[in-house]
Amino acid sequence: MIKEKYTLLLLSHQIRGITTIGDTHKLSAIKNKIIHMRNIIFILSFLLFCEITYAQIKEVKEMKEIIKYGSWAPSSHNAQMWNVRIIGENQISVFPNYNRVLTHVDSENRETWISIGAFVENCVLAAHDKGYNATVKINDKEVIIDFKHSDSKEINNYINPISKRLTIRTPFLDEVLEDSIINPIKTISDNVSYYSINSEQGNKIIEYSLDTYRLQMKDMNKLNELADWMTFSYKEERNRKDGLSPKCLGMSGMKHFFFNTFMNKKSVASKTFINGSIKGAKEQFNACSGYILIKSDSFSISDLVESGRLLERLWLECVKSKIAVHPMSQVLEEQKYYDLLKSSLSIEGEIQMLLRVGKVKKYPERIGKRLDIEDIIVE
Ligand SMILES: Cc1cc2nc3c(=O)[nH]c(=O)nc-3n(C[C@H](O)[C@H](O)[C@H](O)COP(=O)(O)O)c2cc1C
């Protein structure tokens, strides 16, 4: 600024020396014009800067909202074993947080990558509702999502079911799911199949699932891992932003009170807890309309992520139709029973998810807690 003023002054002095009074007027008019134009350029650049900064702030804010919807995805034990890195204005990377993975029930990280797939699908669907097209690229370490503004005005309103989706662990009604309800869900993908509870396959699913459940109740490592993700007091229930509270596990009223008052981490090894859990599981396995199965070609990371995406899409459709969903993974976690199930259902490929589904009297509100997005976004 000072330098420019000085140059103008010098110029006018030099010119003044060899010009007439009329010329001096012209020169001063030119000088004023230059100053005027300079001010306009300054204001325009300032406005442009504001516009770019505002657009950037808006995009970062929207990106964070999309990540928040991502985090409402299901994850085994509600461990939320995901981290996110914001790579650029329109690109994020989602990858496992290995400090949160379940080393005993999920030693190969199969459920971790499925959970990440569900997270990714929520991001893709929420982004779409916010006017972005999302492209997903999967590699062995992470999932990259690119967001691009879309001209399409079509909104599928997935944000609503994303905000309402939850795992329902109470017994479901003893009612058949009509073809008009289950067929649209089955046709989402060739990798989805449905077995009614009264079918031969339905009986096999219950038999093997219960056998595995009993087996896992004898495994102290798996029991302790579960206990680590459970809350045992009202205080813990209030303060923890992850894991499973008694409410999430389907307890209410006196059961909830009894659990929070008399149980602690060590109680998971007690006969009361083990027998009570087996009794509850037996009741759950039998109280539903049937089982949805999701399979994939292989256990590759890409197939696992895609299975998680399919799980989430399917689950959101169930929410829209008010069908209760409860993943039952035990049978998929023990090789012997996994093999038995696969051969008795004649499944080609690999089973990735088994979901108990049915109708409930009243579709409950979401209860699961979530970490803040600041906890999952890393540099
Ligand atoms: C891969 C995967 C496996 C799961 N397995 C089970 C299971 O075996 N039993 C169960 O009760 N819930 C299971 N869940 C549900 C989670 O516990 C649930 O998503 C989590 O607690 C968060 O609660 P929300 O779904 O209500 O948001 C599973 C979820 C995922 C993604």
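**Helix H6, the ligand shell and the cores**

Good morning. In helix H6, the buried residues are Ile205, Ile206, Tyr208, Ser209, Thr212, Tyr213 and Gln216. I should state at once that this is a predicted model. Helix H6 covers residues 200-216, and its 17 residues should span 24 Å at 1.5 Å a residue. The C-alpha atoms at its ends are 25 Å apart, which agrees with that expectation.

Let me turn to the ligand. Around it stand 20 residues, of which Pro74, Asn78, Thr167, Ser329 and Gly368 come nearest. Two elements, helix H3 (110-129) and strand S7 (324-327), each give two or more residues to this shell. Helix H3 provides the largest share, with four residues. By class, the shell comprises ten polar, eight nonpolar and two charged residues.

Helix H3 also matters to my next topic, the nonpolar cores. The largest core has 73 residues, and those touching the most other members are Val94, Val120, Cys123, Ile145, Leu354 and Val357. Here again H3 gives the largest share, eleven residues. Which residues does Val120 touch, leaving aside those up to four places away in sequence? They are Val94, Val136, Val143, Ile145, Val305 and Arg309. There is also a second, separate core of five residues, among them Leu226, Met230, Leu244 and Val268.

Finally, I come to Ser300. This residue lies in the loop between strand S6 (290-296) and helix H11 (301-320). Ser300 counts as partly exposed because it has 14 C-beta neighbours inside 10 Å, a count between the limits of 12 or fewer for exposed and 20 or more for buried. Ser300 and Trp113 are 187 residues apart in sequence, yet their C-alpha atoms are 9.7 Å apart in space. Thank you.

Methods: Residues numbered from 1 in each chain as written. Predicted model: local features only at pLDDT ≥ 70, side-chain atom pairs only at ≥ 80, totals over all residues. Near = placed C-beta within 6 Å. Nonpolar A, V, L, I, M, F, W, Y, C, P; charged D, E, K, R; others polar. Expected span 1.5 Å × (residues − 1). Core = buried A, V, L, I, M, F, W, Y, C linked by C-beta atoms within 7 Å. Contact = placed C-beta atoms within 7 Å.
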